[in-house]
Structures are given as C-alpha cells and as structure tokens.
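Please work through the following exercises with the sequence and the model in view, trying each task before reading its solution.

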Amino acid sequence: MVADSRRSMRARLYPVGLATALLFGASGLASAATCPTVADSKGIKTVHPQQAELAEFEGQLGRKLAFSDNPLFADRVKAGQLPPVAQRLPAEPMVVLPYQECGRYGGVLRGTSRALESGTSEVLSWRQVNLVRLADDLATIVPNVAKSFSWSDDRRTITFVLRRGHKWSNGVPFTTDDVVFYFDDLIKNKDLHPTVPGVWRVGGKPVEVEKVDAETFKLHFAGPHPGLLHYLSTGGSFFSPYAPKHFYEKYHIKYNPNADADAKAAGAENWVKRFKQVWDKWGDTETINPIAVTRPTLESHILESEANTQRRAFVANPYYFKVDSAGNQLPYISRQLERFLDKELQLLAIMNGEIDQKAQGVGLENYPVLKENESKGKFKLTMPPGQNGDPIAFNITHKDPELRKIFSDVRWRQAMSLAINRKEMNETLWFGLGTPQASLPLGVPFVTDANRNYMIDYDPKRANALLDEMGLKRGSNNMRMRFDGKPLTILWEYTSQFASSGYVQLVQGYWRAVGVEVNLKEITTQLTRQKALAGDTDIVMEWDIPYEPNLISEIELYTPPYREGSPLFGTAWRQWHLSKGDKGEEPPAWAKRLYQLEDEWRTTVPRSPRYMEIGREMVKINQDNLTIIGTVANLPGPTVVNPKLANVRDWTVQHYNYARTYPFRPDQWYYKE
Amino acid sequence: MLRLIARRLGYMLLTLWLVSIVAFIVIQLPPGDYAEAYVAERAQSGARMSEEEIQELRSHLGIDRPWYQQYFSWFSGVLRGDFGWSYEWRRPVADVIGERLPLTLALAFFTLLFMYAVSLPIGIYSAVRQYSVTDHVFSLFGYIGLATPNFLIALVLMYLGQQYWGQSVGGLFSPEFQDAPWSWARFVDLLAHLWIPVVVLGTAGTANLIRSMRALLLDELGKMYVVAARAAGLSPLRLLIKYPVRMALNPIVSTLGWRLTFVISGAPIVGVVMALPDTGPLFLHALLNQDMPLAGAMVFIYCALTIIGTFVSDMLLVLLDPRIKMS
C-alpha cells in the first residue's frame, strides 16, 4: 500500500522534483520523486553499473539534483552544529541507483558477532568503504571513495582521483595528504611496520606515493602490479589505504616531538605502542579503543558510543559521500547495533527475529532448524554458495623420510582421492546440497568440467590397485605396511574449525577400507598451525580455496606452501626459490615450474590471453600432482535477512573473500515499514 | 593476638606472591600465545595474516620476550596497582573488569538472596517434618538440582523464555535498553532477564543448603536443651526459631566468607551459554585467548579474595570460639 500510494504521488509530482525533495526530506520520508533505479532506470545510462558521478548523472537528468538528508541530523543543522547537507556532501558525490526504490530514513540495523575481534567482518562490511569496489558481476572494478582510477600502460603506476570536497566524518577535508600520510608515515614507518605489507611491495621494493594535487595521487611500483585493484576490492577491502592525518598527527613522533611523553602520560611505554592502540590497518580494530568515538572515518556509519565487551553502536555518518538517484544522502538506516553473542545464542537470536542480517558463521548444520523456523516470518533464509567441503593435503615434505617417500608418490594421493565416497559425504554431512568436485580455484574462466571431475570417482578397486602397485603390502591384520615393514598408520590431527568429526570419521572409514590405518586426534587451531609450520603433520586442511580476485592479487595461494602462515607442505621449497637456491630445499621440477608461472602471473593483465594460458597450466600441474584433494564444492552458506529490509539484492556468493555476502550494498538498505 | 595477625598477614603476602608466579606459568602453559589465538580467530572468519604480521604483533605486545621478563614487567605493574592493558579488548584491564563488575555483583546478590530465601525455610521444614511426603519431595528436587549441570538448566530455561515468553536472547537487557539510562522500565527489563541466571546459578547451591540446613537442624532438634525447653512449655514455633535454628545457622553463616570469590567470579560456563555480561565469560575468553594481562589479573584477584576470605573466617572463628587456641 505504502509503495503504491508513493508511486502514484511520484507520477503527480514529477515536474516539481525539487519541492518534492524538500517536502519528503522534512517529513522523514526520503524523496521518491524521479528516482531512477536498477529495476527502472528511467532512461539513465551510467558508465559503471548502478552508480554515476554527479555531473554525468545531472547531465542526463537535464537538471540539478537537490539534496536532502536524514531527519536525524535536523536538530544539529538547525542549531548550527552541522552544516546543511549540500555543504556536507562532496562537491562530487557518488550517485547510487538503488535496486528497487529510493528508500526512507530511520531504523536500526541489528547484527551480532562473537566478540570484538571474532567474526566481526560482516558487520564491518555494513559500513566499510575503500577506494574501489567490486561490481555485482564479481569481476568489474568500479570507483567508490576514489572518483576514478587509471593504470599506466606498463601497470607500474596507477593514478587515483579523489572526490573534490570530500570530508571526514568530523567535517575536515579528506585529501591526498591523508593518503600520503598512510603510506609514508604508517605503512613505511620502520617503527610501526618493520616490514612493509606484501601488497605494497613489488620485487621487494615498497610503493612510492606521489601527490599531484589535493585530489590526485599516483602510486609507483618497482614492477607491474596488475592485481592491486582486485586486492583492494576483495581480500584487502578492509584495509583502506588512507588515514585521517589531522587526527593521528598528535600521536606520531614525526609531527609531535612530545609524542613519547604523551604516550607515557596515557600509560603506554612509547609512542609506537600508543599509536598501535589508536590505529590499526584493520579498521575494525581501531573502533575498540575509547578514543575511536572521536576518530573520523569515511564509512557509512560512525561509532556512537564507546565499544564495550557487550556491544558496539554506530550512527549514520553525516558526511557520507553518496546520494541516491533522487538526491537523498545515504545511508538510509540511522543506526547499527552489533551485539556480541556466543554461536548458539546467535542462532536463537536469529530465530527470535533479533538479527537483521547474518551470513558469517551461521553454518550449514543449522539449515534444518532455520528452514523450520523461517515460516514464522521473522527472517528470510537464502542459500548463496560459498562454502566448500574442506580439502585434504598430504604433507609431501614430511619430516619422516619414510612417510615422505609414501606421500610424495603421486599414486598414493590418487588412491586416497579415489577411495573417498564423495556422494555419500555430500548426503551424510551436507544434506546433498553440494557438488562432488576436485579442489580448484573458484569462479575462474580457465577451469573446465574435466578439471572439476578429475579423480573424484568412488573407485576403491582402483585405489587398492594403485597402492599395491606402489608396493604397500598388507600385513597380518590385512592393513597395509610401510616400505620398511612397520605398520602404516596416518595420524590425522584435525581441528573442528576446518573439519567436523563426522567428516574425518567418514574419510577414516574410506581409507581403512583400502587398508590404510588412520588415527584421529582433535587438536586446537593454534596447534595445527604450529605443527604445520614445523612440517611434521601427516595431513593439513587449512587451505582457503581462492576465488579469481584472490588468485589475481595473491597467486601464492595456489603454489606450495599454499598458505604461508599455515603451510600445507613445501615451505622449504619456497625458501629455495626465493633465495635462488641458497636456503631451503630444492623443489621437484613441477613445483619449480609453478614458481616460474607465479612470477609471470604477477605481471600479467587479468583475463588477457597469457593470463588464461598460465591459469590453465597451473591448474594442470596442481591436478597432475594432486597437491590438494577436494571433496565437495558449492555448498550453500545459510544467510538470513529481515524480510522488512528493502533494496537487498539476491546474494550470489557468501565468502570472506567478498567481505562476506556479495553483491552487498548496505548503504541503500532501508526498512519498508 | 596482634602477633598472630601479623604472622598471618605475612604468610598471606607470601602466598599471594607464589600464586602470582603459578598463575602466570599456568596461563602460559598451553601451546601458543595470544598472537596464535588471534591468528586463529582471524582465520575463522577467513582472514589471512602473514608470518611478518604475526611477528610484529608479538613484538608489539612484548610476548616475544622470555617468560621471566614478561612476568617481571607484569608483576611490577601489579605491585603499583596497574594491571596493564588487555590484549584482546585493547583497553586497561581495570576498565574491562570494571565494566562488568556492577552486574556481576547484582547477579551474585540476587543469587545469594534466592538461595537463602528458598533453602532455609525448606531445610527447616524438612528437618521438622522428617520423612514426611513433603520432605521426600523436597529431597528429590534437591538431588535433581544437585545433579543437573547448570548450563543444561540454562539452555532449557532460555529456550522456554525465547519460545514462549518472547524474551530477547542473551545478556541481561533487551537490546533497546542496553545503552539506555537507568529508568523504571529498564529496571523491570533487568528483572525480567535476571531471574533465569539467578535460578540457574542458585539451583545447585540451594539444593546443597537445603541438605545441610536439614542435617544441622536434625542434630540440634534431638538435644537436651530442646527437650527441656519444650517441657517448659515454650511454643513450638518460637522454640524452633529462637534456639535450634539459630544454632544450625552458625556453620552456614560462617561459610559466607567463602562466597566472596563466587561473587566476583560469576560462573563461566553459564555466563557463556547465556551471554551474561558478568566476569565469568570474560575470564574464560581471556584464558582461551591467552590474554595474559586480563587472565592474570583475574586469577590474581580471585586468589587474593580467597585468601582474604579464609583469613576473615579464621579470625571470626577465633573470636567466636574460645576453644580454638591463638597459636
């Protein structure tokens, strides 16, 4: 009804857009007059999907856009504490075409995390912004905080242009000085960062930032770095490369000679410790300190009160840089509330209708209970794909020479893969919702069905034949022995974070059936990591299957050791490669080839013909050697959303690498009633 | 007497110091450190941290130093009354604990109130009407209360609260009252949430108290002075309340000192299950994450309270019972 009456009003008021905007702005309803949307663009054509720059948009509209804002700010504007909206917005705001409708202001978006730094990335995504973002097709990179960007032909230099008149949440101008400050005084400061983070180094040399004017800056790299934008819009989307210089100056020794003394007065040993209390690359961490209430940000919502051990509360940023296509400043939703609850309680809270959107950590095992409760109407359940049945990797570079001999025989890995009954696993563990599949990068154009189905048949006969061929004879109890005649026993030290006990028990059964004894032992995640680093685990599972944007920006996820902080195998191989043979251990020929391809990939333009060739070859090498054994892919990740929330698009993926659910545009969400 | 107190105080300080070392070592015992726990938490949401970043975190927090150095810098702070900064919450430990103390105390107070209010009348009744049907019924419930794990009762009550009474899940306030200033409505909201943890936390203690009250009173009831008083024609109720109950209460009251720790520590498991904003879950998280400053401070405070509580009840006993020699 509301929508209907508004639509008819829109028709009537069309010629007097400005008056309508004022009228509705004042009454708390965002203006719906002449609101081009994704569903109905009213003839507006944009360069980037669903968003436009103001000049471009007004040009097509044939008139100036009048701005209005959340009534939440009205009192402060009237009292002179806040300038009116037209002065708060950048001179060049971004115009967002909402999915369905221009919304209305108000409401609280309620979410939950486990603790201050545990499972918080989804709520962070509700407000987070970066220079660029990923469009809904999960491939195109579009402007966000930056108005535009352009690469040099050799992809060594990228130029970003910021929005003229863009302001921090306290009204202070946001300029290239804040970017230069981030690079020269934070990232490249030896005290704060003994080593410059990997993404800002090419060929071992850190990035050089060059200020052109107040809105334009260039980043110069020592070599081509075509993966940068993909990093900034996926895995690195939480690490915005700018920081409010005017706010952090007083904590920094370079700008405040008394910073050390000030730090001591505040109870910290020196300025570095103090600085790390108030600033962190991971913007979420900063909000913990009480000082964060005054910390300016560009995000859609800012801290409303000090965070404590129970909750964090946010309120709309009066200086947010986006407007909808009718000129209403975003975000529509006035407040965000993040409560810290234990995992089981989160589920209860969802069923109770106390959570407005949640995907992170809901867990497929809760699918039946959620489905059962969905009919009560307190939440809508969607199932975007994004989880994958955890992969298994044998430690090819095992410390024990006998086990190394066995594991590094490719027939062993083939046999182990063929012994697994993936269909049964899918039915037993995941309600049959997944697809049995080999372990492969996801969403990449160079993976074929042949790759997906490689060595995933359930064929214990062939597995037995391969093991016999290897010479792993059966002993008196019909279980296989090692080459040295001792019983072959695999110790599977797993953590519930990466595999359920049901998972490991099923696989244990499959492998026992082909004569391989497996002992299970659950240990903590900390321990698995330490053991993996020491290289004396038999099986490692801690591999985040990369999506294409991750592969573009962090190709080392697909070459040994696959995960630096918690390696699958081959840490010494990489050492050998990096030290050009000085340190570590010489890798086999196939791994050497992978490293070669990795180096070339880093300088190759995504989706170019050479990119496709390298991708295909890397997939082939990894598959021929069965470096990682996959089980089931495309498992859905239950995602709940309040049915009253509008402008929520159907999600196509649910994964950390996309900052949780995607396409995700919470700044245009609003409550229908 | 003064010498005794001085000597006891000396021992107390020594014990506290030893406890601080043991606590420090025990907290460090599990494999890994806070940095590892942090990496694991990050990994849980899919975020990767490079080895360099982990090392930076370690050196920033100073947990890359040998344990005795860490201990020294921690304990010298404690001596000055400064418990340092919590790794996890990135705030001074005193702030973190302080935030949760008022509700912990409120919870403990109401729980104690509940325990005594329920158990004493029932205990007295059971003793007076020994082996009656009611006594057996109360005993049965008492044993069930003793035998059922707290967290299970918590889960059941919470499910009922959520499913049938439309209560918000977890915590002691509905979300809309969480940050509101104190008002009558907020107080009522608190009471509406408070009863579940109070019942859960009080159940085992209540069952326990009923049993001891019953046993103690039964001892007293058979004594000569009771028979004498009854023979003298004292009204039964007055006799009961004035003499045997008072005697039976003595041991129960003298154990009140022990409850000092309980008051501060909350109950970690129940606290976690119900997301109570008391110190219990805080303590558990600090231990799991090896957040040394916070966990250390809490162990230290618990121990200090236990030692002080024991000292106080010892002193009380000496004062009350001249048979205990002052040596």
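**Exercise 1. Locate A:P331 and describe its surroundings.**

Step 1. A:P331 is found in the loop between β14 (322-324) and β15 of chain A, where helices (H or I, at least four residues) and strands (E, at least two) are DSSP runs, numbered from the N terminus. The model is a predicted one, in which local features need pLDDT of at least 70 and side-chain atom pairs count only at pLDDT 80 or more, while totals for chains, interfaces and linings use all residues. Residues are numbered from 1 along each chain as its sequence is written, and chains are lettered from A and ligands numbered from 1 in the order in which they are written.

Step 2. The peptide bond that joins A:L330 and A:P331 is cis, with omega at about -5°.

Step 3. Both A:L330 and A:P331 are in contact with A:D667, as are A:S300 and A:K322, when the neighbours of A:D667 within four places in sequence are left aside; two residues are in contact if their C-beta atoms, placed from the backbone, lie within 7 Å.

Step 4. A:D667 itself lies in the loop between β29 (660-662) and β30 (670-671) of chain A, and this loop also holds A:P663, which is joined to A:Y662 by a cis peptide bond with omega of about -5°.

**Exercise 2. Is A:D667 buried or exposed?**

Step 1. A residue is buried if 20 or more other C-beta atoms lie within 10 Å of its own, exposed if 12 or fewer, and partly exposed in between, with C-beta atoms placed from the backbone.

Step 2. A:D667 has 26 other C-beta atoms within 10 Å, and therefore counts as buried.

**Exercise 3. Which class of exposure do A:K42 and A:R607 fall into, and what is the phi of each?**

Step 1. A:K42, in the loop between α2 (17-27) and β1 (51-53) of chain A, has a positive phi of about 50° although it is not a glycine. With 12 other C-beta atoms within 10 Å, A:K42 is exposed.

Step 2. A:R607, in the loop between α24 (589-601) and α25 (609-624) of chain A, has a phi near 70°, again a positive value in a residue other than glycine. Its count of 13 other C-beta atoms within 10 Å makes A:R607 partly exposed.

**Exercise 4. Describe how chain A touches chain B.**

Step 1. The contact takes in 46 residues of chain A and 41 residues of chain B.

Step 2. On the side of chain A, the elements that give two or more residues are α11 (271-278), β13 (311-316), β15 (335-340), α13 (343-351) and α21 (525-534), and the largest share, five residues, comes from α21(A).

Step 3. By class, this side of chain A has 13 nonpolar, 22 polar and 11 charged residues; Ala, Val, Leu, Ile, Met, Phe, Trp, Tyr, Cys and Pro count as nonpolar, Asp, Glu, Lys and Arg as charged, and the others, Gly among them, as polar.

Step 4. Within α11(A), seven of the eight residues are buried, among them A:W271, A:R274 and A:F275. What covers the buried residues of α11(A) includes α10 (259-265) and α12 (283-286) of chain A, together with α3 (51-61) of chain B.

**Exercise 5. Which side of α7(B) do its buried residues lie on, and what does the face turned away from them carry?**

Step 1. Helix α7 (residues 150-164) of chain B has 15 residues, which should span 21 Å, and its end C-alpha atoms are 21 Å apart, in agreement; the expected span of a helix is 1.5 Å times one less than its number of residues.

Step 2. The buried residues of α7(B) are B:I153, B:A154, B:M158 and B:G161. They cover an arc of only 125° around the axis, so they are on the same side of α7(B), the arc being that of the directions from the helix axis to the C-beta atoms.

Step 3. What covers these buried residues of α7(B) includes α8 (184-221) and α13 (268-274) of chain B, whereas the face of α7(B) turned away from its buried side carries the exposed residues B:L152, B:Y159, B:L160, B:Q163 and B:Y164.
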